[in-house]
Amino acid sequence: MENKFETDVAGQLKHVQSEIAVAVRESSRMAGQVKLVAVSKTFPPEAIRLALNAGQRVFGENRVQEAAGKWSQLRTEYDNIELHLIGPLQTNKSAVAVELFDCIETLDRPKLAKVIAAELTKQQKSIELFVQVNTGAEPQKAGVLVDDLPSFLELCRGDLKLNVTGLMCIPPIGEVAQKHFSLLSDLAQQHNLSNLSMGMSADYEVAIKSGATHVRLGSAIFGRRQITPSGPD
Ligand SMILES: *Cc1c(COP(=O)(O)O)cnc(C)c1O
């Protein structure tokens with residue numbers, strides 16, 4: 001099938017992979033410690049196929065509905081896909097989200113944790129979960145406040161037995177991202193969590209140097225997004 005998507009996705013992918021390798025080496029970390037999550041939100045299946053054909057298997061989407069539409073088909077065409085939800089999740093979409101995603105990075109409130117736990121039991125599934133932390137305490141942003149993290153983790157891991165393995169953050173626009181990355185890294189260490197999802201196209205090298213295990217790159221791979229996604233899914 002001819003592919004009309006114009007961005008050189010395979011080339012950009014190769015480029016960011018080598019930049020990631022350099023950052024990993026420069027921070028004296030071991031190769032293979034950083035997972036590239038290719039953020040395909042807003043991009044059509046033909047763009048995603050370019051990445052899949054180049055060998056990329058880990059992808060991030062921020063809307064459940066959009067992801068379901070694209071990935072139910074793509075999963076039939078390619079093996080070993082690992083799909084991450086990186087956008088806010090409404091409880092009424094938890095069933096679909098649990099069915100579709102291998103990792104939900106945006107666990108951020110007790111009600112959602114309870115609904116996800118019930119849904120995992122119902123679907124007899126186990127998925128990875130990261131807790132999103134609102135490191136800048138921004139009122140409009142999703143995520144658990146730093147002060148609420150210990151009790152929230154206790155609920156998730158203790159009471160609900162959720163497989164929480166990491167933390168995720170999106171630093172405030174206009175602030176030095178590194179400060180937020182260090183904070184998230186400290187919190188993960190305190191709570192014995194091994195995964196750190198932080199760093200986007202503009203700041204992933206800094207994030208890797210601060211210990212990121214997952215970087216979420218969209219525009220660096222697929223080019224500029226046409227539509228700006230708005231509102232929760
Ligand atoms: C869109 C998005 C990204 C990717 O952003 P780029 O700047 O295009 O790399 C990463 N993380 C989250 C949570 C996003 O919504």
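**Figure 1. Ser-28 is an exposed residue, with a relative accessible area of 68%.** Exposed denotes over 50% relative accessible area, buried under 20%, and partly exposed the range in between, computed with a 1.4 Å probe on protein chains only. Ser-28 belongs to the loop between α1 (9–26) and β1 (35–39); helices (H or I, at least four residues) and strands (E, at least two) are DSSP runs numbered from the N terminus. The phi angle of Ser-28 is near 55 degrees, a positive value in a residue other than glycine. The model is predicted, so local features need pLDDT of at least 70 and side-chain atom pairs count only at pLDDT 80 or more, whereas totals for chains, interfaces and linings use all residues. Residues are numbered from 1 along each chain as its sequence is written, and side-chain values use heavy atoms, with hydrogens and water left out.

**Figure 2. Ala-137 has a positive phi in a loop.** Its phi angle is near 45 degrees, and the residue is not glycine. Ala-137 is placed between β5 (128–132) and α6 (149–159). The loop between β5 and α6 also holds Lys-141, which is partly exposed at 21% relative accessibility. From Lys-141 to Pro-172 the C-alpha distance is 8.9 Å, with their positions 31 residues apart in sequence.

**Figure 3. The ligand sits in the largest pocket.** A pocket is found on a 1 Å grid over the protein atoms alone, as an open set of points with protein on both sides within 12 Å along at least five of seven lines; a molecule sits in a pocket if more than half of its atoms lie within 2 Å of the pocket's grid points. The residues around the ligand, each with a heavy atom within 4 Å of it, include Val-39, Ile-86, Met-168, Ile-170, Leu-217 and Arg-225. By class, this shell comprises six nonpolar, three polar and three charged residues. The nonpolar class is Ala, Val, Leu, Ile, Met, Phe, Trp, Tyr, Cys and Pro, the charged class is Asp, Glu, Lys and Arg, and the others, Gly among them, are polar.

**Figure 4. Lys-41, Ser-201 and Gly-218 approach oxygen atoms of the ligand.** In Lys-41, a polar side-chain atom lies 2.7 Å from a ligand oxygen atom. For Ser-201, the distance from a side-chain N or O atom to an oxygen atom of the ligand is 2.5 Å. Gly-218 contributes a polar backbone atom, 2.8 Å from an oxygen atom of the ligand. Of the 400 Å² of accessible area that the ligand has on its own, the protein covers 89%; such areas come from the Shrake-Rupley method with a 1.4 Å probe.

**Figure 5. Met-200 is a residue of the ligand shell.** Met-200 lies in the loop between β7 (195–197) and α8. At 36% relative accessibility, Met-200 is partly exposed. The C-alpha atoms of Met-200 and Pro-171 are 9.9 Å apart, and the two residues are 29 residues apart along the chain.

**Figure 6. The side chain of His-84 makes polar contacts with those of Glu-82 and Glu-105.** A polar contact is a pair of N or O atoms within 3.5 Å; within protein, one must be able to donate a hydrogen and the other to accept it, and residues adjacent in sequence count only if both atoms are side-chain atoms. The contact with Glu-82 spans 2.8 Å, and that with Glu-105 spans 2.7 Å. His-84 is part of strand β3 (residues 82–85) and is buried, at 0% relative accessibility.

**Figure 7. Arg-57 and Thr-213 are loop residues.** Arg-57, between α2 (45–53) and β2 (58–61), is partly exposed at 26% relative accessible area. Its C-alpha atom is separated by 8.4 Å from that of Val-37, 20 residues apart along the chain. Thr-213, between α8 (204–209) and β8 (214–217), is buried at 12%. The C-alpha atoms of Thr-213 and Lys-70 are separated by 26 Å, with the residues 143 residues apart along the chain.

How values were computed
On a 1 Å grid over the protein atoms alone, a cavity is a set of points where a 1.4 Å probe fits but cannot get out, and a pocket is an open set with protein on both sides within 12 Å along at least five of seven lines; lining residues have an atom within 4 Å of a point.
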